[in-house]
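Please find below a colleague's note, set out as numbered points, for reading beside the sequence and the model.

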Amino acid sequence: TGPVPVRVEVTRQEDFVVQARAVGTVTPMNSVTARSRVSGQLVKLLVREGEQVRRGQALAEIDQAPYRVKLAQAQGQQQQNLAQLKNAESELARYRQLFQQDALARQQLDRQEALVQQLRGTLQADQAQVDEARLQLSYTRIESPIDGRVGMRRVDAGNLVSDGDANGLFTIVQTHPVNVTFNIPEPQVAAVRAAFAGAGRPAVQAWDRDDAQRLASGRLDTLDNQIDIATGTLRVKAGFDNADDALFPNQFVNV
């Protein structure tokens, strides 16, 4: 019913973005179950559930009284053997003087030297016992091995805990940064590998379930070493700074 409109546009050169889409799962950079390395009564919990903790921060305390007693026993045995060693060394010095004056048999001098060496070895064993007792005492203070967020506690203060407890006190997860794992189909593996081997790692975007909001942007971090023959996909992992906690562990996201 009339002339067809024609528009003119200046030609320009731009990048053409090729995307691979997948469903991914947010996984913490590190996940640690806080366990006691010694047995005893849990005296106090020093952190709240959901609290952000730093590496080396105290999490809980075990009753120290039994381990202080063991340390005192080891130190007492060490002092006793140290006194015996000093006495034996003094006797050895006197025996050597007598031997030089030809007033003591060589056999007695050798026996005293052997006794001194024996007591020195005993003293080294005593020191090891003291170090072991001091180490066990230090284990009564449970510290966080990583920076992360504390989960729900599984044991209340006042309960007895043991070093063989598999459940632990609670779990600590590191989410700054955080990973997202997902699978790409085999036909796209070659292109992704070529991009991963390029000058810069490919960009990765994480979107919510409805694809309505972009949650975070990161970079491709790792490719698995083989394709899963059951699914025909390659497992890959991307890294995100996640400074705003937009990504939560075990959350499903569109990648």
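1. Asp208 is buried (under 20% relative accessible area, where exposed is over 50% and partly exposed lies in between, with a 1.4 Å probe and protein chains only), and yet Asp208 has no salt bridge, that is, no side-chain nitrogen of Lys or Arg within 4 Å of a carboxyl oxygen of Asp or Glu. The nearest side chain of opposite charge is that of Arg21, at 8.8 Å, where Lys and Arg count as positive and Asp and Glu as negative, while His and the chain ends are not counted.

2. On the basis of these statements: this is a predicted model, in which local features need pLDDT of at least 70 and side-chain atom pairs count only at pLDDT 80 or more, whereas totals for chains, interfaces and linings use all residues. Residues are numbered from 1 along each chain as its sequence is written, and side-chain values use heavy atoms, with hydrogens and water left out.

3. What surrounds Asp208, apart from its neighbours within four places in sequence? Asp208 is in contact (heavy atoms within 4.5 Å) with Gln213, Leu215 and Asn254. A polar atom of the Asp208 side chain also lies 2.9 Å from the backbone nitrogen of Ala212.

4. Asp208 sits in the loop between strand S9 (203–207) and strand S10 (214–228), where helices (H or I, at least four residues) and strands (E, at least two) are DSSP runs numbered from the N terminus. S9 and S10 run antiparallel and are joined by five bridges, strands being taken as paired if DSSP finds at least two bridges between them. Gln205 has Ser217 of S10 as its bridge partner. The two strands form a hairpin with six residues between them, and Asp211 in the turn has a positive phi of about 60 degrees.

5. Asp211 deserves a second look, since its side chain meets that of Arg21 in a salt bridge with an N to O distance of 2.5 Å. Arg21 lies in the segment before strand S1 (23–34) and Asp211 in the loop between S9 and S10, so this pair ties together parts that are 190 residues apart in sequence. Arg21 counts as exposed at 55% relative accessibility, and Asp211 as partly exposed at 34%.

6. Arg214 belongs to strand S10 and is partly exposed, because its relative accessibility is 45%. Leaving aside neighbours within four places in sequence, Arg214 is in contact with Gln205, Ala206 and Trp207. Ile172 is 42 residues from Arg214 in sequence, and their C-alpha atoms are 27 Å apart in space.

7. On its pairing with strand S11 (residues 233–240), S10 is again antiparallel, over six bridges, and Leu223 has Val236 of S11 as its bridge partner. The hairpin of S10 and S11 has four residues between the strands, and Gly232 there takes a positive phi near 70 degrees.

8. The structure holds 14 salt bridges. Among them is the pair of Arg12 and Glu9, at 3.7 Å from N to O, in which Arg12 is exposed with a relative accessible area of 59% and Glu9 is exposed at 63%. Another joins Glu143 to Arg141, the closest N and O atoms being 2.9 Å apart; here Glu143 is partly exposed at 41% and Arg141 is partly exposed at 38%. Salt bridges that share partners also join Glu9, Arg12 and Glu14 into one network.

Definitions and conventions
A polar contact is a pair of N or O atoms within 3.5 Å; within protein, one must be able to donate a hydrogen and the other to accept it, and residues adjacent in sequence count only if both atoms are side-chain atoms.
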